[in-house]
Amino acid sequence: MVLLRRVIGDALRARRQGQHRTLREVSSAANVSLGYLSEIERGQKEPSSELLAAICDALGARLSELLREVSDTVALAEQMPGVLVPMADESIEPTPAVRKATNRGVHQVTSDGSVAVQVRQDSPLKATLRTTRVRPADRDVVCAA
């Protein structure tokens, strides 16, 4: 099961780090405590819509952009066999690279060529998702890590 608060936290952290900003800078701009923002980024706290809007504003991002990114990440995870839902057809044979990655609990795929999702299956009911933007030269690559 994907925890929405973890995906939201990962997306916020990625945006903040992409701007080379500290937690302190963003927490001050969003008028939220540094510790609480840290907990949100780590997926330990679920922000209200008002707080999420304030954090997005502090990051110079639209709330709709962030939610679209989160939605795309969850949608990709839903399409990955055995990650969010049990595999429907166990007779489908994965490639050797995918089998090796699956044994380690890690999958990596690209969606429309702009986002890659890495999924670590922590337990049968818990998965960790990490998303990254894919550079134009890396597009259309489907691989297993």
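At what angle do H4 and H5 pack, and how far apart are their axes? In this predicted model, the two helices pack at an angle of about 105°, with their axes 9 Å apart. Angles of 65 to 115 degrees count as roughly perpendicular, and H4 and H5 are therefore roughly perpendicular to each other.

**Helix packing**

The contact between H4 and H5 brings Leu52, Ala53 and Cys56 of H4 against Leu63, Leu66 and Leu67 of H5. By class, this contact has 6 nonpolar residues, with no polar and no charged ones.

A second pair is formed by H2 and H3, whose axes come within 9 Å and cross at roughly 110°. That angle makes H2 roughly perpendicular to H3. On the H2 side the contact is made by Leu23, Arg24, Val26 and Ser27, and on the H3 side by Leu34, Leu37, Ser38 and Glu41. The residues of the contact of H2 with H3 divide into 4 nonpolar, 2 polar and 2 charged.

**The nonpolar core**

The largest nonpolar core contains 18 residues, of which Leu12, Val26, Leu37, Ile55 and Leu66 touch the most other members. Each of the following helices supplies at least two residues of this core:

| Helix | Residues | Supply to the core |
|---|---|---|
| H1 | 4-18 | at least two residues |
| H2 | 23-30 | at least two residues |
| H3 | 34-41 | at least two residues |
| H4 | 49-58 | at least two residues |
| H5 | 63-79 | at least two residues |

The largest share, 5 residues, comes from H4. Isoleucine 55 illustrates how the core is joined across the sequence: leaving aside neighbours within four places, Ile55 is in contact with Leu12, Val26, Ala30, Leu37 and Ile40. In soluble globular proteins, nonpolar side chains tend to be buried together.

Two members of this core recur in the helix contacts. Val26 belongs to the core residues that touch the most other members and also takes part in the contact of H2 with H3. Leu66 is likewise among those core residues, and Leu66 also lies in the contact of H4 with H5.

**Confidence of the model**

The mean pLDDT of the protein is 74, and 54% of its residues reach 70 or more. Among the elements, H2 has the highest mean pLDDT (97), whereas helix H6 (residues 96-104) has the lowest (46).

Over residues 85-111 pLDDT stays under 50, and the model has 40 contacts beyond four places in sequence for this stretch. Over residues 138-145 pLDDT also stays under 50, with 17 such contacts in the model. Where pLDDT is low, the predicted coordinates should not be read in detail.

Key: Residues numbered from 1 in each chain as written. Predicted model: local features only at pLDDT ≥ 70, side-chain atom pairs only at ≥ 80, totals over all residues. Heavy atoms only, no water. Core = buried A, V, L, I, M, F, W, Y, C linked by side-chain atoms within 4.5 Å. Buried < 20%, exposed > 50% of the residue type's maximum accessible area, 1.4 Å probe, protein only. Helix = DSSP H or I, 4+ residues; strand = E, 2+ residues; numbered from the N terminus. Contact = heavy atoms within 4.5 Å. pLDDT = per-residue confidence, 0-100. Axes fitted to C-alpha atoms, helices over the stretch in contact; angles between N-to-C directions. Parallel < 35°, antiparallel > 145°, perpendicular 65-115°, else oblique. Nonpolar A, V, L, I, M, F, W, Y, C, P; charged D, E, K, R; others polar.
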